[in-house]
Amino acid sequence: MKVLMYGMTPDQKIYVDKWNKDHAADDIQTTDEQLTAQTVDKAKNFDAVSVMQTSNIEDEEVYRKLASLGIKHLALRTVGYNIINFDYANKYHLLITNVPAYSPRAIAENGLTAAMFLLRKWGGYFKQEKDLNFTRPESLMSDEIYNKTVGIIGLGRIGSATAEIYHALGAKVIGYDIVKNVANEAFVTYTDFDTVIKNADILSLHTPLDQSTQGMIGTKQFKEMKNDALLINQARGPLVDTAALIAALKKHEIAGAGLDVLADENQIFMKKFDNIKQLPEDYQELAKMPNVVITPHSAYYTKTAVQNMAEQSLTDIKRVLNGQKPIFPVNL
Ligand code: NAD
C-alpha cells in the first residue's frame, strides 16, 4: 500500500520507519506539512492519507481533490475528529477512521504519578536535593496510598484503567459515572457524585468536556472535599473552576492538585517563558504553589501511545485496502 502521512513529527516518524522496515511491500511516506487545499496534490498516486488533529480540513476543495485523486480513506491518528467536515467526507465518499484509545494506561499512569508525587511530597524532596539539603523536615512527612480512598469521576477507558491501578495498589476505589459498567465492579464501588466528592482522599477526573461536566468541580465541591484531599485532573481543564481551585488551595480546603490540563492551557502549554510574570495571573499563582504539579497535557505522551497513533491508523488503512472492515470507522 502507498500512504502519505501529513503532519508528521519526528517522534512518530520512528514508528513509521519501523513499519516500512517490517512491511516490505508497503510504501509509507511522510511530510511535516498539514493537509490543506494547497498540499492535497501531494497525495497523487497514494492509496490513502493520514492526518493529525492539527490539520484544519474545513475546505471542500480538500475533499473534492482527494476524491479526484482516487483517495477513499482518510485515517486520523488521533481520537478527536472535529476537524473533519462530515458533509463533505460523505459527499465525496471518503471513509474516516480514528484511533480512539491510543493508550488509556498512559493517562491513568500519569494521574497516579501526579498523585504519588504530591502524596509523598517529592516536590519538596526534589527541591531540597537541588539545594544540597538532605535533611528530613517534619513538613515533608508523607502518606501512603493503600489506606486511601480514591474517587473517580468518569469510568470510561481512562477512568477504568485508573481505578484498576489504584485497586491493585490496595486503595479503596469509589466512582461515579452516568453509565455503570459492570465489568468495573471488581475494583470500584459505584456511588453518587456527592459521595465521591466528600469521601475521596484522591479525586481523579476522567470525563469528557461537555455541558454536563464543565465546571463540575467548583466552590461548592471544594468546600465538601476533605481538607487533605488531592485533586487530579487529567481530562480537560474546564472541568475545574480555576479561580475556585486557587481559592480552595489558599484556604487549605484541599491539600494539593495534579493538573495535566488547564482551562486556558493554550496560553501557556507548548510555550517556554523566561519569567513567571509572563504567565497569566491565575497560572502564576498555581505555578508558585509547592502543592501543585502541572504537566503540559503530556499525560498521553508516551512511546506506546505515539506508536499506537501511527500503527493503528496504518493498520486500518491496510485492512480497508485488503477488503476488510476498519477497526475504528467514524463515518461508516
Ligand atoms: P471515555 O469516553 O471512554 O470515558 C468517558 C466516561 O465519562 C464515560 O464512561 C462516560 O459515561 C463518562 N461521563 C460522561 N459524562 C459524565 C458526567 N457528566 N458525569 C460522570 N461521568 C460522565 O473516554 P476516555 O478515553 O476515558 O477519556 C476521558 C477523557 O480524558 C477524554 O474525554 C479527554 O477529555 C481526556 N483525555 C486526556 C488526555 C491527556 O493527555 N491528558 C488524553 C486523552 C484523553
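A polar contact, as the term is used here, is a pair of N or O atoms within 3.5 Å. With that in hand, a good place to enter this predicted model is the ligand and its surroundings. A backbone N or O atom of Y300 lies 3.2 Å from an oxygen atom of the ligand, which places this pair inside the cut-off. A polar backbone atom of A235 is found 3.4 Å from an oxygen atom of the ligand. In the case of D177, the side chain takes part: one of its polar atoms is 2.6 Å from a ligand oxygen. In total, the ligand is surrounded by 22 residues, and the closest of them are R157, I158, D177, S212 and D260.

Attention can now turn to the strands, beginning with a general point. Strands of a sheet pair through backbone hydrogen bonds, and the pairing may be parallel or antiparallel. One open sheet of the model is built from 7 strands with parallel pairing, and reading across it gives the order β8-β7-β6-β9-β10-β11-β12. At its edges stand β8 (189-190) and β12 (292-294); each has a single partner strand, so one side of each is left without a neighbour in the sheet. Within this sheet, β9 (residues 202-205) and β10 (residues 230-233) run parallel and are joined by 4 bridges. Here S204 is found opposite I232 of β10.

Helices pack on this sheet as well. Helix α4 (residues 104-119) touches β9, β10, β11 (256-259) and β12, and its direction makes about 155° with that of β10. Helix α6 (residues 157-168) touches β6 (149-153), β7 (172-176) and β9, with an angle of about 175° between its direction and that of β6. R157, already met among the residues closest to the ligand, is the residue at which the range of α6 begins.

Another open sheet has 5 strands, also paired in parallel, in the order β2-β1-β3-β4-β5. Its edge strands are β2 (27-30) and β5 (95-97), and because each has a single partner strand, one side of each lacks a neighbour in the sheet. From one strand to the next, the twist averages 20°. Strand β4 (residues 73-76) is paired with β5 in the parallel sense over 3 bridges, and H73 stands opposite L95 in β5.

This sheet, too, has helices packed on it. Helix α1 (residues 10-22) touches β1 (2-5) and β2, its direction making about 160° with that of β2. Helix α11 (residues 303-321) touches β1, β2, β3 (48-51), β4 and β5, and makes about 160° with the direction of β4.

Finally, there is a pair of helices to visit. The axes of α9 (residues 242-250) and α10 (residues 281-288) come within 11 Å and cross at roughly 35°, in a left-handed crossing. On the α9 side, the contact is made by T242, L245, I246, L249 and K250, while α10 contributes D282, Y283, E285 and L286. These contact residues divide into 5 nonpolar, 1 polar and 3 charged.

Notes
Residues numbered from 1 in each chain as written. Predicted model: local features only at pLDDT ≥ 70, side-chain atom pairs only at ≥ 80, totals over all residues. Heavy atoms only, no water. Pairing = 2+ DSSP bridges. Helix = DSSP H or I, 4+ residues; strand = E, 2+ residues; numbered from the N terminus. Axes fitted to C-alpha atoms, helices over the stretch in contact; angles between N-to-C directions. Contact = heavy atoms within 4.5 Å. Left-handed = near helix turned anticlockwise from the far one by under 90°. Nonpolar A, V, L, I, M, F, W, Y, C, P; charged D, E, K, R; others polar. Near = heavy atom within 4 Å. Polar contact = N/O pair within 3.5 Å; in protein donor to acceptor, adjacent residues only side chain to side chain.
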